[in-house]
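Visitor: Can you walk me through this one? I'd like to start with how the copies are related.
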Protein chains: 2
Amino acid sequence: MTDDGGLSPAELEAFFALEEVGSLLAHAVEQQLRSVGLTTVQFKILMSLFAAADGQLRMTDLADSLVVSRSGLTYQAGLLEKAGLIARAPSPDDDRSTTVSLTAGGRERIFAVLPGHMEVVRRLLLDPLSPEELGTLSGLLTRVRDHMRTDPPRSAAPRSRKK
Amino acid sequence: MTDDGGLSPAELEAFFALEEVGSLLAHAVEQQLRSVGLTTVQFKILMSLFAAADGQLRMTDLADSLVVSRSGLTYQAGLLEKAGLIARAPSPDDDRSTTVSLTAGGRERIFAVLPGHMEVVRRLLLDPLSPEELGTLSGLLTRVRDHMRTDPPRSAAPRSRKK
DNA sequence: TATTGTTATACTCTATAACTATA
DNA sequence: TATAGTTATAGAGTATAACAATA
């Protein structure tokens, strides 16, 4: 009658805990980002560029990795460009493409946010754990993340694959 | 120069893994919920009522626990009521308050979603872990969650607390 | 006076579809 | 023909402020 999908109590417990932890952490981070005038999406865009190998990405690749529509990314990129945090330029190899890159101002903004960002994470996530426990948690989550990445994202299908 | 807030590599690793796991899982769950005509917020509302001690909550308490504005909740409650999933009635003890409760249809909808919901969770989160690891993860996350709950949510301040 | 809930309103964001330019 | 990116547009959702009713 009360079919729960066959999950054990332990499984349900882990799931609900993860959902709540993720939700509370996301909210706290969002509040902190607001203090420097960034939304979560915008921060993700900046961090993606920051993490990119050569510091730049194509619009479409960026949209796909963030799982947003291209038009949605165009909108956000317009805001970030107007704020002087990113720059868009035609790609050298393919004239259809636009290459996005972080400006010096964008890098500064990242450095301006990170300390507070980390402080929130530390207070909410890290404080209650011992160093050993942190390592354990990190290891487990990394395994899960890697699995998520390789697993065909049937439920998080990329954009245009209209096939 | 590249101030990262003083977090160790292990801490950063745990943080980024958690952010990505939470993000990917949230997205997958959102896609699944869409198949039964619910948004994430609406599902959370239903689950909050389902989990409530006596199966009902005041509008304000519900809004606070979900960290949304009261007007925002009024909007969503209107949709859910129109869909016959919840019911609103004046509170017996306080005539200013409105008590929200799940209807039979609302309960049915929950049972309709849960199996698929759990399937997504199982595939993404639980599959790569052994039962022992699951227990460990669950324990750690539960600790973190409890800490988050007790810690003054300075960054997730409730609504009206205007001082 | 303070609180509960709703409403009116404006704004942000996102996606779909149409369009331009290039491959 | 297919792809990259933008634009026009429309829709969903959220919050602020004003309001009515009650404590």
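Guide: Copies are superposed by least squares on the C-alpha atoms of residues with pLDDT of at least 70 in both. This is a predicted model: local features need pLDDT of at least 70, side-chain atom pairs count only at pLDDT 80 or more, and totals for chains, interfaces and linings use all residues. Residues are numbered from 1 along each chain as its sequence is written, chains are lettered from A in the order written, and side-chain values use heavy atoms, without hydrogens and water.

Visitor: Which residue of chain B comes closest to the rotation axis?
Guide: G22(B), with its C-alpha at 2.8 Å.

Visitor: And what turn lays chain B on chain A?
Guide: A turn of 179 degrees, with a shift of 0.1 Å along the axis; the RMSD is 0.2 Å. The two copies are thus related as by a two-fold rotation axis.

Visitor: How many residues are in contact?
Guide: 61 of chain B with 62 of chain A. Contact means heavy atoms within 4.5 Å. 100% of the interface residues of chain B are also interface residues in chain A, so the copies meet through the same surface.

Visitor: What area is buried between them?
Guide: About 6,000 Å², with 69% from carbon and sulfur atoms. That is the accessible area (1.4 Å probe) lost on putting the two parts together, summed over both.

Visitor: Switching to charges. How many salt bridges between the chains?
Guide: Four. The rule is a side-chain nitrogen of Lys or Arg within 4 Å of a carboxyl oxygen of Asp or Glu. One joins R143(B) and E133(A), at 2.9 Å from N to O.
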